[in-house]
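Ready for a few exercises on one protein chain? Take a look at the sequence and the 3D view, then work through the tasks one by one.

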Amino acid sequence: MKKIESGSLAVMLDEETLGLRIEKDGVVWNTDPKKTPELIFAEGTYRFLDAEEISHEVYSFGVGCGIRSRYAGFAGTPYAFETIIWIEAVDETFWMEWIPLCEEGLHPVKVLWPTAMEFTNGRDDWYTLLTEGQGLLIPNTWKTELGKLSFDGRFETSGGYMPWFGQVKERCGYTAICTTSWNVGYQAEHPAGGPYTSVGAWLEPSLGTMNYRRVFRYTFLNDCDYNDLCKTYRQYVREQGHLRTLKEKAVQNPSIHDLVGTCFVHTGIKTVVQPESGFFDPQNPEKNNRVVPFSVREQQIREIHDLGVEKVYLHLDGWAEPGYDNQHPDYTPACQAAGGWEDMKSLVDTMHDFGYKFGIHDQYRDYYHAAPSYDENYACRLPDRTIPGACDDEKRLLYVPRKLLLLAVITGDSLKLRGGQRLGRSVSGILPLCAVRLYAAPGRDTEKRNPGAAL
């Protein structure tokens, strides 16, 4: 057993299992013994413990103390890497680093490390925070299975908008922040009813090799809740010089002030799901292709206004001829079958007449093979020089229908309408939201919602 200690934090590494025991002010966190650190190569899967040479050493340096572990020799190759786990003396931050040393002989696909904490207890005050979508707060007792994460939990996507996750047990918790989030994500598991939730990290290669150091930053807290974990990440971003508050953004764009207390309506006009998409439903073809006229959306906005809603922001998907979501970057003109530019402008004018805000879904990153201007000479390529596009992940970017939702996005209370009437109640989550479902036709909602979401 190797041990390092600084202040109130102690970390022990079991050399036989590579399990960690972390103690903070008497509170113990153990890594899950069922989640062994692994390397997944194109040639096969190996545990860290399968290395032909393994060494561990405790060392200290100017800012803290740590354990350096070296693993070399897999499947008869010289492939080697090291891990460094260490405690920063000033603030007792716990760091976990994976560092490639020699990448000869094998082709990495994923590294499963750091592994999940042991988190099994059927209590409501044991819960997990994930940054999927609007944010998930999943009690260990949640009755619904977590299911598949968007983009497999990849950080900097809708599967993990912010590069961190965390857990709280009886008001003691931790925040795990990935400071090198470009080729990293998390895997999470929660069965229906619990009594556990598991969350650990995965690392992937960049252009065929692991290439660079991957770093996680753990902060352990006592007497905390999910707000404290979120504030830990916020403080980290502030320290890096990347934090921009709404007040700071409003200096450049004063219209941000108009969004405070505004309801968010997210809906669309045209949906086209390609037959090769994983979302294509051959048994229910009406779910694949659908057009809702701009005039219908305009009438719905009028009805929302008649309900007394004073502030609305409309986010409109699928407004153009190719439909949601196809043929970028060649997306115009406005959908002809829905009324074209004329009816789209009428919708915009109605929004502005009511003092509402209007915005369209557009994007400037995806490059669709079906776009008229597509040229493979401008496309990104994989390490083998092939062009992405045939994989399931891209096919899943051809989107499914969405509900029309009315959300109060910047309020912790019920949504107040004119005359003092209130619509809905707030839902406590990572973000305070108030949700009301409008015009959701039976059978149209094909999305699988994750548990604990703020909707």
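**Exercise 1: cysteines**

How many disulfides does the count come to, if a disulfide is a pair of cysteine sulfur atoms within 2.5 Å?

Solution. Before counting, know what you're looking at: this is a predicted model, where local features need pLDDT of at least 70, side-chain atom pairs count only at pLDDT 80 or more, and totals for chains, interfaces and linings use all residues. Residues are numbered from 1 along each chain as its sequence is written, and side-chain values use heavy atoms, with hydrogens and water left out.

- Step 1. Apply the rule, and the count comes to 0 disulfides.
- Step 2. Now check two cysteines for burial, where buried means under 20% relative accessible area, exposed over 50%, and partly exposed in between (1.4 Å probe, protein chains only).
- Step 3. Cysteine 178 has 2% relative accessibility, so it counts as buried. Cysteine 263 is at 1%, so it counts as buried too.

**Exercise 2: the whole chain**

Work out how the protein chain is built overall.

Solution.

- Step 1. Count the elements: the chain has 5 helices and 27 strands. Helices (H or I, at least four residues) and strands (E, at least two) are DSSP runs, numbered from the N terminus.
- Step 2. Look at burial: 47% of the 455 residues count as buried.
- Step 3. Look at contacts, meaning heavy atoms within 4.5 Å. Among contacts with a separation of 6 or more, 63% are between residues 24 or more positions apart.

**Exercise 3: the nonpolar cores**

Which residues have the most contacts inside the largest nonpolar core?

Solution.

- Step 1. Fix the term: a nonpolar core is a set of buried Ala, Val, Leu, Ile, Met, Phe, Trp, Tyr and Cys residues joined through side-chain atoms within 4.5 Å. In soluble globular proteins, nonpolar side chains tend to be buried together.
- Step 2. Read off the answer: in this core of 50 residues, Phe94, Trp98, Phe165, Phe216 and Tyr218 have the most contacts.
- Step 3. Zoom in on phenylalanine 165. Leaving out residues up to four places away in sequence, it touches Leu129, Leu130, Phe155, Tyr174, Thr175, Ala176, Tyr186, Val199, Gly200, Phe216 and Tyr218.
- Step 4. Don't stop there: a second, separate core has 20 residues, including Val309, Val312, Leu316 and Met351.

**Exercise 4: empty space inside**

Find the largest cavity and describe its lining.

Solution.

- Step 1. Set up the search. On a 1 Å grid over the protein atoms alone, a cavity is a set of points where a 1.4 Å probe fits but cannot get out, and lining residues have an atom within 4 Å of a point. Grid points are joined across faces, edges and corners, and a volume is the space filled by probe spheres set on the points.
- Step 2. Count: there are 3 cavities of 30 Å³ or more.
- Step 3. Size up the largest cavity, which holds about 180 Å³ of space. It is lined by 18 residues, and Leu13, Leu18, Leu20, Met96 and Trp113 are the closest to its centre.
- Step 4. Trace the elements: β8 (64–74) and β9 (77–88) each give two or more residues to this lining. β8 gives the most, with 3 residues.
- Step 5. Sort the lining: 13 residues are nonpolar, 5 polar and none charged. Here Ala, Val, Leu, Ile, Met, Phe, Trp, Tyr, Cys and Pro count as nonpolar, Asp, Glu, Lys and Arg as charged, and the others, Gly among them, as polar.
- Step 6. Visit leucine 20, which sits in strand β3 (residues 20–24). Its relative accessible area is 8%, so leucine 20 is buried.

**Exercise 5: backbone oddities**

Where do proline 195 and proline 333 lie?

Solution.

- Step 1. Recall the background: most residues other than glycine have a negative phi, and most peptide bonds are trans.
- Step 2. Proline 195 is in the loop between β16 (184–189) and β17 (198–203). The bond to it from glycine 194 is cis, with omega near 5°.
- Step 3. Proline 333 is in the loop between β22 (312–317) and α4 (340–353). A cis bond joins it to threonine 332, with omega about 10°.
- Step 4. Now phi: alanine 75 isn't a glycine, yet its phi is positive, about 55°. Alanine 75 belongs to the loop between β8 and β9.

Conventions:
A disulfide is a pair of cysteine sulfur atoms within 2.5 Å. On a 1 Å grid over the protein atoms alone, a cavity is a set of points where a 1.4 Å probe fits but cannot get out, and a pocket is an open set with protein on both sides within 12 Å along at least five of seven lines; lining residues have an atom within 4 Å of a point.
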